Amino acid sequence: MITLEKTGAYLVNGTTLIPDDADAAARLKAEGCSGVSREEAAKGTMAYNILKDHNVSDNMEDLRIKFDKLTSHDITYVGIIQTARASGLEKFPVPYVLTNCHNSLCAVGGTINEDDHMFGLTCAKKYGGVYVPPHQAVIHQYAREMLAGGGKMILGSDSHTRYGALGTMAMGEGGPELVKQLLDQTYDIHMPGVVAIYMTGAPIPGVGPQDVALAIIGAVFGNGYVKNKVMEFVGPGVSSLSADYRIGIDVMTTETTCLSSIWRTDDKIKEFYDIHGRSEDFKELNPAPVAYYDGVVCVELDKIRPMIAMPFHPSNTYTIEEVNANLEDILHDVEKRAAVSLDNKVPYSLKDKVVDGKLLVDQGIIAGCAGGGFENICAAADILKGASIGCDAFTLSVYPASTPIYMELARNGVLAELMATGAVVKTAFCGPCFGAGDTPANNAFSIRHSTRNFPNREGSKVQNGQISSVALMDARSIAATAANKGFLTPATEFDGTYSNPKYFFDKSIYENRVFDSKGVADPSVEIQFGPNIKDWPKMVALTDNLLLKVVSEIHDPVTTTDELIPSGETSSYRSNPLGLAEFALSRKDPAYVGRAKEVQLAEKAREAGEAPESGFAEVGEALSWVKANFDGITNDNTGIGSTIFAVKPGDGSAREQAASCQKVLGGWANIANEYATKRYRSNLINWGMLPFVIPEGELPFKNGDYLFVPDVKKAVEEKAETITIYVVGEEKKAFTVTLGDLTDDEREIILKGCLINYNRR
């Protein structure tokens, strides 16, 4: 089904894989490719050439990328524009699309969300952008329909910014990376590795794109096979997949922790652009006759079976047949994993979902950028045709990803067929993906064709004793389960036919409702603010030395951004840095905010020229120890703040607030064994926080300890390979950390205190 090559490999003429082993030279010669070096062949990937076209440096090892277009939604664009405004923004230098698909309900917090929307509309007018009103399209579907282009690059402030199936290399990053683009700066990375996703065969009926995606995620997430690399989809199997099918796989590549994705394109992708009235944006992409890849994931499409990602991660994958055949054992394993994710804070069991030896599901959802595509919904309707979801607890909601899709479903009758079954069809909204829509009952079990199933994504509040579960599945198997009144059922058991109706795109709704400045800014427009839209607080530059209190210690194997700053109802405060910060780590370590704010009082006193201990008395004892053991320590040259330890923080969302909330509460560093994603580490850096790394093993400190970091500013300036930290009060007990690779600009951002300060140079 899925196999991983142990070495790199050459791909010849797009079809023949030659492992990079002792026989490689002979096999290349036999294929008529003798004399081709690994270095030259590495330049034959689609990824290399797109990156080369967008690199403004003269060095392909250290890239400085400028993107063609930018896109954000309504829980990120306010903070981004506020940051850019504070740094001197006058006009959007590239097309920037502001969609409204996350805070669409305008229900939580009164008018808070609609105030954000009006901020977005007036900014689109003032700075020359595009504004997509609520309920018109989810961010990624609009980008597919209206923005993607062959060989182009798009940067979005949402982690699922992935348009590789359309020949567009897209990346999801935290807001500060978009700020850099708005200020004519660059996205700076080392040349990433490129891994071939080599596809053969064709999916069998009943297997959908989510099944293929989950199979890949299950194979590569835990071992980091594609972490921070580009996934390049090649091989003869690609041609067996429709454009919608490829898109459905592609959007889920984020869950592998890869950097980006790109696919070879063909007539099916050309047809997609033709249907959307943008034929000129199609570009045929293929690897060179000989291309070298740093790894290969072999995907036998015909062997994939309907999949399910059990709680609480997209990589916790099984076939649905496995689950049904080994129900007790698998549920027991899920419960053991859940105990770790939930810190044993609430009782958790799925065994009460077993009825007559079968798993009974409470809710089904087909939604958003992953599930809300035209083909997914039509296939689900075919399976459900003539059936009923029943009149018991089970519910089914369907969210088409855009109004044009919704309109076509209405015109071709699919909408009526779905509603006749008892399903509810709703407008384009990302809520079910992040815990703000279709929240199930306590202890309920929801199956969803959406992107993630982390704890709290379905709206649970562990601190209140409330927990429910999400499993990820494909729309087809969700429909088969719904037709079976909620009993878990793979779509391969459906023996009917699929109608495969043709899609007709009607962009008139966009022409009627979307504000498009055509890139023309109007400086006379006044930005409309609401009372919840706040400026970023002042942040000081890095001091010579740091005194840090450890205020949270997390030992989960992976810590998600949802656990660092929850999604769901907290999204209403994304435009209010201090208001949002009150929720930081609230579902993982509820005491964190109080501890961090106590330490911050000492720093505020220090910045005001007062004795730090006047703000927080406990700091006085730690400072006394530092001054007794180190020379030259003063209140002026020693900053005071907090830090957290997590084994591997930052999996999941691109949201910058996972870092910025710590920063505005006085956080000055993270300490980790490794960072789950480049996105989160970049967010730390852009908010002036030190991304310390400590080797895996026994920790030399514990929660509540004070840590002293002497000469930290000098270490950053001089690119020190290691930094020594002392545990306060333990006879100068020392340990070392590293910062990893930092560009010169990243070092300067940390030294200045944050990206805003850096841009005020």
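**Exercise 1. Contact order and overall form**

Determine what share of the contacts with a separation of 6 or more in this predicted chain comes from residues 24 or more positions apart, and describe the overall dimensions of the chain.

*Solution.*
1. Of the contacts with a separation of 6 or more, 76% join residues 24 or more positions apart.
2. The secondary structure consists of 28 helices and 34 strands. The radius of gyration is 26 Å, close to the 27 Å that the globule rule gives for 761 residues, so the chain is as compact as a globular protein of that length.
3. Along the principal axes, the C-alpha atoms occupy a box of roughly 80 × 65 × 60 Å.
4. Of the 761 residues, 64% are buried.
5. The chain exposes about 26,200 Å², of which carbon and sulfur atoms supply 49%.

**Exercise 2. Charges and a salt bridge between strands**

State how many positive and negative side chains the chain has, then locate the partners of the salt bridge between D188 and R64 and classify their exposure.

*Solution.*
1. There are 73 positive and 98 negative side chains, and the centres of the two sets lie 2 Å apart.
2. Side chains of opposite charge can pair when their charged atoms come close. The structure holds 33 salt bridges.
3. In the salt bridge of D188 with R64, the closest N and O atoms are 3.3 Å apart. This pair links distant parts of the chain, with D188 in strand β10 (residues 187-190) and R64 in strand β4 (residues 62-65), 124 residues apart.
4. Buried means under 20% relative accessible area. D188, at 15%, is therefore buried, whereas R64 has a relative accessibility of 34% and counts as partly exposed.

**Exercise 3. A salt bridge within one helix**

Explain how the positions of E177 and K180 in helix α7 relate to the turn of the helix, and decide whether E177 is buried or exposed.

*Solution.*
1. Both residues lie in helix α7 (residues 175-182), three residues apart, about one turn of the helix.
2. An α-helix has 3.6 residues a turn, so residues three or four places apart point the same way.
3. E177 and K180 form a salt bridge, with their closest N and O atoms 3.1 Å apart.
4. E177 is buried at 3% relative accessibility, and K180 is buried at 9%.

**Exercise 4. A salt bridge between loops**

Identify the loops that hold E674 and K227, and name the residues that salt bridges with shared partners join into one network with D745.

*Solution.*
1. The closest N and O atoms in the salt bridge of E674 with K227 are 2.7 Å apart.
2. E674 lies in the loop between β30 (667-672) and α25 (678-686), and K227 in the loop between α8 (209-220) and β12 (230-234), so the pair ties together parts that are 447 residues apart in sequence.
3. E674 counts as partly exposed at 35% relative accessibility; K227 counts as buried at 18%.
4. Salt bridges that share partners join R64, D188 and D745 into one network.

**Exercise 5. Buried positions and their surroundings**

Establish which elements are included in the cover of the buried residues of α23, and which residues T99 touches beyond four places in sequence.

*Solution.*
1. In helix α23 (residues 618-629), the residues V619, G620, A622, L623, W625 and V626 are buried.
2. Their cover includes β26 (545-554), α22 (592-607), β28 (638-646), β32 (706-709) and β33 (723-727).
3. T99 belongs to strand β6 (residues 96-99), and at 0% relative accessibility T99 counts as buried.
4. Leaving out residues up to four places away in sequence, T99 touches T71, S72, H73, D74, Y77, V132 and I139.

Methods:
Residues numbered from 1 in each chain as written. Predicted model: local features only at pLDDT ≥ 70, side-chain atom pairs only at ≥ 80, totals over all residues. Heavy atoms only, no water. Helix = DSSP H or I, 4+ residues; strand = E, 2+ residues; numbered from the N terminus. Rg over C-alpha atoms; globule rule 2.2 N^0.38 Å. Buried < 20%, exposed > 50% of the residue type's maximum accessible area, 1.4 Å probe, protein only. Contact = heavy atoms within 4.5 Å. Areas by Shrake-Rupley, 256 points an atom, 1.4 Å probe, with all protein chains shown as cover. Lys, Arg positive; Asp, Glu negative; His and termini not counted. Charge placed at Lys NZ, Arg CZ, Asp CG, Glu CD. Salt bridge = Lys/Arg side-chain N within 4 Å of Asp/Glu carboxyl O.
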